[in-house]
Amino acid sequence: MSTNSSLTQLYGSEHGAASLGVLCASVAVLALSWYSIRRRLSPNGQTSPTRASRDYRDGQITITKLLIHPIKSCRGSSVQSSAFTSVGLEHDRRWVLVGLDKSEVLTARTVPKMVLVHPRVNQDSQTLDVTFPADSGCTDFSVPLNPSPDQLSAWTLLDGLNLFSIKTLDGYICESLPGHANASEELSRFLGLRVALVLKGPRRRAVDSTPTFPSLHEDTSVLFHDGYPVLLVSEESLEDVERRTWEIARAGDSDRVDAKWKNERLVMERFRPNIVVRGAGGFAEDDWEEVRIGSEGYQMDLVSKCPRCQLPQVDPATGVPDAAIPTKVLATFRKGIDPAMPHKNCFGSNGVPRASGVISVGDVVRVARMTADGSVAIR
Ligand SMILES: *[C@@H]1O[C@H](CO)[C@@H](O)[C@H](O)[C@H]1NC(C)=O
């Protein structure tokens, strides 16, 4: 029995025109499904396991890691659970190091050694404890986690801080707790630059709207994040990039990737995400526009893809940059994933929480809404 006659039977049509219409419709459906299958073929012919939301089993996708980076570009910490609000995970990117010569927010793009400074949130003592590598000769110190209005009024409030093209950020120069080494002096000594440790000031910093969320700037703020409150990445996306890195290195293409990358692990910490998930397959997060997290079903919108700069080139364990990894690997297959940023290599999705609460490793992530074409955020 041909497809056409079985469809004719199914729909009970006795008329040629109607069955021709059904045939055209089924050809169109087949063409569309072929197109969507083709879209999922990677350059070397493997299908990535991305699927439409209805195909995810409940409980299939879970949070496997939560990372917070209290001082931008300094070492992050993995936590079992974290409070969050619409500006992101609690304490994430609340502090920065400011280069005092140009009032510039410093990042590891230009000061890679920053990744060796390790700030840790200490809830018991309500302090941010900052440590340096043992061989550095610098003295660890602590600053208040949530300074009181009295403390803040005694601190210097800087304005006109410059982060990328934004020149309107404010922040307080932090003073160490009594009896502790001077925060800005120790950081300056470690980096060999005149810097201050700065806590975000009171002025609201609106995010940029995106093509899929055109009024985002009205109701969404961030602190010293690059652009958006939360970065979500799946482990399988990292594994995909790692596998391609090994393949390029093993093919001996030494002008693209150093030979040591034949076996070297690519760690998630390079990419500085906040929420790491597993269970949906590589780059599944490209297709998500709204997720619900945990038993409370906390809503988080995924508003854009994350364009990657040179920061992931810095090895988080050594502070040494590598000009090829992962930039050249991402460039082979992640350029133009977000149509709003056609020349950027994207990795991970930018999230905006629409609730406040606590999320934990092990929480289930449910996909509530897919992007319009099931693949990228075009509307
Ligand atoms: C810490 O050092 C900076 C830079 O030398 C100085 O301006 C500031 O007053 C010092 N803070 C304290 C509490 O001594």
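**A walk through two sheets, a helix and a ligand site**

Let's begin with one pair of residues: R292 stands opposite R366 in β21. What joins strand β17 to β21? Five bridges do, and β17, which covers residues 288–293, runs antiparallel to β21. Keep in mind as you look around that this is a predicted model.

Now step back to the sheet those strands belong to. Eight strands make up an open sheet, and if you trace across it you meet them in the order β2-β1-β16-β15-β19-β18-β17-β21. The pairing in this sheet is mixed. At the edges you'll find β2 (77–79) and β21 (365–370); each has a single partner strand, so one side of each is left without a neighbour in the sheet. On average, neighbouring strands here are turned by 35° against each other, direction ignored.

Next, look for helix α6, residues 235–250. Which strands does α6 lie across? They are β1 (62–68), β15 (230–234), β16 (275–278) and β19 (346–353), and the helix runs at about 65° to β15. You can check the length of α6 with a little reasoning: the expected span is 1.5 Å times one less than the number of residues, so its 16 residues should span 22 Å, and the end C-alpha atoms, 22 Å apart, agree with that.

A good part of the interest in α6 lies in its buried residues. They are E236, S237, L238, D240, V241, R244, T245, I248 and A249. What covers them? The cover includes β15, β16 and β19, along with another helix, α7 (327–331). Just after α6 ends, look at G252, which takes a positive phi of about 75°.

There's another sheet to visit. Three strands form an open, antiparallel sheet in the order β7-β8-β9. Here β7 (118–122) and β9 (141–144) are the edge strands, each with a single partner, so one side of each has no neighbour in the sheet. Neighbouring strands in this sheet are turned by 25° against each other on average, again ignoring direction. Strand β8, residues 127–131, pairs with β9 in the antiparallel sense over four bridges. If you want a spot to zoom in on, try L128, which stands opposite V143 in β9.

Last stop: the ligand. Which residues are around it? They are E175, N182, S184 and E185. Sorted by class, this shell has two polar and two charged residues, and no nonpolar ones.

Note on methods
Residues numbered from 1 in each chain as written. Predicted model: local features only at pLDDT ≥ 70, side-chain atom pairs only at ≥ 80, totals over all residues. Pairing = 2+ DSSP bridges. Axes fitted to C-alpha atoms, helices over the stretch in contact; angles between N-to-C directions. Near = placed C-beta within 6 Å. Nonpolar A, V, L, I, M, F, W, Y, C, P; charged D, E, K, R; others polar. Contact = placed C-beta atoms within 7 Å. Buried ≥ 20, exposed ≤ 12 C-beta atoms within 10 Å, placed from the backbone.
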